[in-house]
Amino acid sequence: MKHNQSTEDYLETILLLSQKQEYVHKIDVARAINVSQPAVQKAVKLLAAQGFITSEGMHIYLTESGKTYAAEVYDRHCTLKKFLAAHGVSEENADKDACEMEHILSEETYEKIKEFLEKE
């Protein structure tokens, strides 16, 4: 299921934060992606309505479907970053470009990139 870039960025950020700390707070998400707290509040409502997260007070939790989807997005990011770095792109630019590319590549193109990396 393909969603928009904002949805994917929020889910990926929540996943990464949850791997580093026991609780993910709305303020942590706001700081991580450089948006306002009201923007995070709005996103939390939308993500909850889609079944990707639950929230209790200031804490945000990924649901199972949220974890799965966030992990898929993050896997795409890591694969694309690795591909770009393997072709001489600086780590900083590979990370930034992978963040953009992860949302727009077709599944076919992504699978071909994965196949290429597996052969190396």
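1. Which two strands form a hairpin, and which residue in the turn has a positive phi? The hairpin is formed by β2 and β3, with two residues between them, and G57 is the turn residue whose positive phi is about 60 degrees. Helices (H or I, at least four residues) and strands (E, at least two) are DSSP runs, numbered from the N terminus.

2. Basis of the note. This is a predicted model, in which local features need pLDDT of at least 70 and side-chain atom pairs count only at pLDDT 80 or more, while totals for chains, interfaces and linings use all residues. Residues are numbered from 1 along each chain as its sequence is written, and side-chain values use heavy atoms, with hydrogens and water left out.

3. Overall architecture. The protein chain contains six helices and three strands. Read from the N terminus, the order of these elements is α-β-α-α-β-β-α-α-α. The radius of gyration of the protein chain is 15 Å, close to the 14 Å given by the globule rule for 120 residues, so the chain is as compact as a globular protein of that length. Here the radius of gyration is taken over C-alpha atoms, and the globule rule is 2.2 Å times the number of residues to the power 0.38. The C-alpha trace spans about 45 × 25 × 25 Å along its principal axes.

4. Burial, contacts and surface. Of the 120 residues in the protein chain, 36% are buried. Buried means under 20% relative accessible area, exposed means over 50%, and partly exposed lies in between (1.4 Å probe, protein chains only). Contact means heavy atoms within 4.5 Å. Among contacts between residues at least 6 apart in sequence, 57% join residues at least 24 apart. The protein chain exposes about 7,300 Å², of which carbon and sulfur atoms supply 53%. Accessible areas come from the Shrake-Rupley method with a 1.4 Å probe; for residues, only the protein chains shown count as cover.

5. The sheet. Three strands make up an open sheet in the order β1-β3-β2, with antiparallel pairing. Its edge strands, each pairing on one side only, are β1 (24–25) and β2 (53–56). Two strands pair if DSSP finds at least two bridges between them. Four bridges join β2 to β3 (residues 59–62), and two bridges join β1 to β3.

6. Partners across the sheet. On the β2 side, S55 stands opposite I60 of β3, and I53 stands opposite L62 of β3. On the β1 side, V24 has I60 as its bridge partner in β3. The side chains of β3 alternate: I60 and L62 point to one face and are buried, whereas H59 and Y61 point to the other face and are not buried.

7. I53. This residue lies in strand β2 and counts as buried, at 2% relative accessibility. Leaving aside neighbours within four places in sequence, I53 is in contact with L11, I14, V44, L47, A48, I60, Y61, L62 and T63. I53 and S65 are 12 residues apart in sequence, and their C-alpha atoms are 8.5 Å apart in space.

8. T7. Helix α1 (residues 5–20) holds T7, which counts as buried at 9% relative accessibility. Not counting residues up to four places away in sequence, T7 touches L47, Q50, F52 and Y69. L47 is also among the contacts of I53.

9. N34. This residue is found in the loop between α2 (26–33) and α3 (37–49). Most residues other than glycine have a negative phi. The phi of N34 is near 55 degrees, a positive value in a residue other than glycine. N34 counts as exposed, at 71% relative accessibility.

10. A39. Helix α3 contains A39, which counts as partly exposed at 28% relative accessibility. A39 and K26 are 13 residues apart in sequence and 9.8 Å apart in space, C-alpha to C-alpha.
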